[in-house]
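Student: I am new to this structure. Please take me through its aromatic ring pairs, one step at a time.

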Amino acid sequence: MKANVHRRRWLPAAPVALALAVVAGASAADWQSYGGDTGRSGNQPVGEGGPPVRALYSKADATDRGVVSSIVASTGAVGTQRFAYGTANGRVHLRVLESGAPVGPDAGVDVDDGGADADVFGPGPAPPPAASVSPVDTSTASGLGQLLVVHNDDDESSTGDISIAQVDASGGGLVKQVPVDGTTGFSIRSSPVATAADAAGNRILFFVAENGGDERLFRVPVADAAAAGATFGPVTSTGDVNANPVASPTLLWLRSPTGAPAPYVAVGTAAPDSALATFGVADLAPGPASGDLGDEVQTAGVPVQPDGAPPNPGGAVKSAPVVYVAARTGDATVVHRLVQNGNAQALAPAASSPALAGAPAPALATDVESGPSGPSAGRVAVTTERNLYLLDGSSLAHAASFSAAALSPGSTGFSQTTAALSAGLVYATTDDGRQLVLKLSDAQPLAADGFSENPVNGGARAARSAFGQPAVARSFVVLAGGNGVFVYVNRCGNAVTGTEG
């Protein structure tokens, strides 16, 4: 067995095959960057499993090291479902989730044209703040689609320094590069988000980019987004809205002045206008916004419904009942629970957390769910450079901390990584790549018989070498960092439709 592929059976009897809980077409199995949904909730309520969480395999060759994006998992049946990630060398990797087999080149697809750019998917381990950029997947329950990989590329065109690489999720090949007009001098260092497909398969891609002191939200229509022949429409953007460049946009439905649910893009902004601002999906017109929340407002999260989808007009809950967001206030983090009062075009804090030690990571996560009678009870998991905290989802009172003592930014802390939640478990990676599975009840690690970190990830770990968020897709859990990609499997939460030896 090669050292870079580590397998361990999680059942005690070696001859027994590992049964994977996989149900094709479950909507929330599509784990977008910074959350299993466009609401960036970080919660995976569909097909959830539980402990034990056992190492299945790892990919730790030199070409798989230096992962600088969140892990993005597609839909698809067992043996078909993919996961994707970007590495610091400017390559996008696509693999079969069940086995780790490459889809396309094993070393990944190089999306950096011309001279090598040092920040293809963001600045990487540069001095903070240095978030990263993750792919967007357009696969649907009916089939695999395309990866839309927004990235920095100074040599791509004369009209922009940001480009979108289209990678086919079925075959893994680079379909085309699409320069984003109007981005000359701009750079991206947070993850984009795309709307759900309409009846014609069209989507709209949104991302935040900066050019010196000009920080704005970009909008790119994508027609037939799941097809190799996808086409990209005219690029528009807001003016300079002082967007926080490390905070990703979030899609959410809020009530319009008429009371009807309307789609918006929420963006965290920085001082002196530090608020959560929203813009209309159709035309980027300003929408409901909060007042001043602190020095820098991060990525917002919206509680999903029990099926894993954010509130929307087609669901039981038509608009977001609450919005969670973290903000930096001095050297501390404060989390806010925002609500929209009636049809008012404002988001007001209904609760705020105590000051938590350390500056916030770019996003947070919550297992609070949206239901017809209101949000469920639950927790908000917020990571900072000094600790991982659990808050009560209603009052935002402090409930638990991972460490009794303050952690170290860039190494044992969580300045650039965000937790993923599923079935009472917290999956997280420290800044230097240590992998953790914690109980959502008390933020403490599972016992060794519940989770043991893959030893391939042991030994020396580089500071500031892990970014983004793990993926939880059905019974698979994917964690990554400077040492490569590590796939685990938890106790089955769905009916068995496939096996893995």
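**Aromatic pairs up close**

Tutor: The count of aromatic pairs in this model comes to five. Note that the model is predicted. Start with Phe-186 and Phe-218. Their ring centres are 5.3 Å apart and their planes stand at 85 degrees, so this pair is edge-to-face. The cut-off for that label is over 60 degrees. Now place the two residues along the chain. Phe-186 sits in the loop between strand E10 (174–179) and strand E11 (193–194), while Phe-218 belongs to strand E13 (residues 214–223), so the pair ties together parts that are 32 residues apart in sequence. Both Phe-186 and Phe-218 are buried.

Turn next to Phe-451 and Tyr-488. This aromatic pair is tilted, with 5.2 Å from centre to centre and 50 degrees between the planes. Here too, distant parts of the chain are linked. Phe-451 lies in the loop between strand E30 (435–439) and strand E31 (471–473). Tyr-488 lies in strand E33 (residues 484–491). The two are 37 residues apart. Phe-451 is buried, and Tyr-488 is buried as well.

Go back to Phe-186 and Phe-218 for one last step. Ring pairs join them with Phe-207 into a cluster. To look at any such pair yourself, take two values: a pair of aromatic rings is described by the distance of the centres and the angle of the planes.

Methods:
Residues numbered from 1 in each chain as written. Predicted model: local features only at pLDDT ≥ 70, side-chain atom pairs only at ≥ 80, totals over all residues. Heavy atoms only, no water. Phe/Tyr/Trp six-rings, centres within 6.5 Å; stacked < 30°, edge-to-face > 60°. Helix = DSSP H or I, 4+ residues; strand = E, 2+ residues; numbered from the N terminus. Buried < 20%, exposed > 50% of the residue type's maximum accessible area, 1.4 Å probe, protein only.
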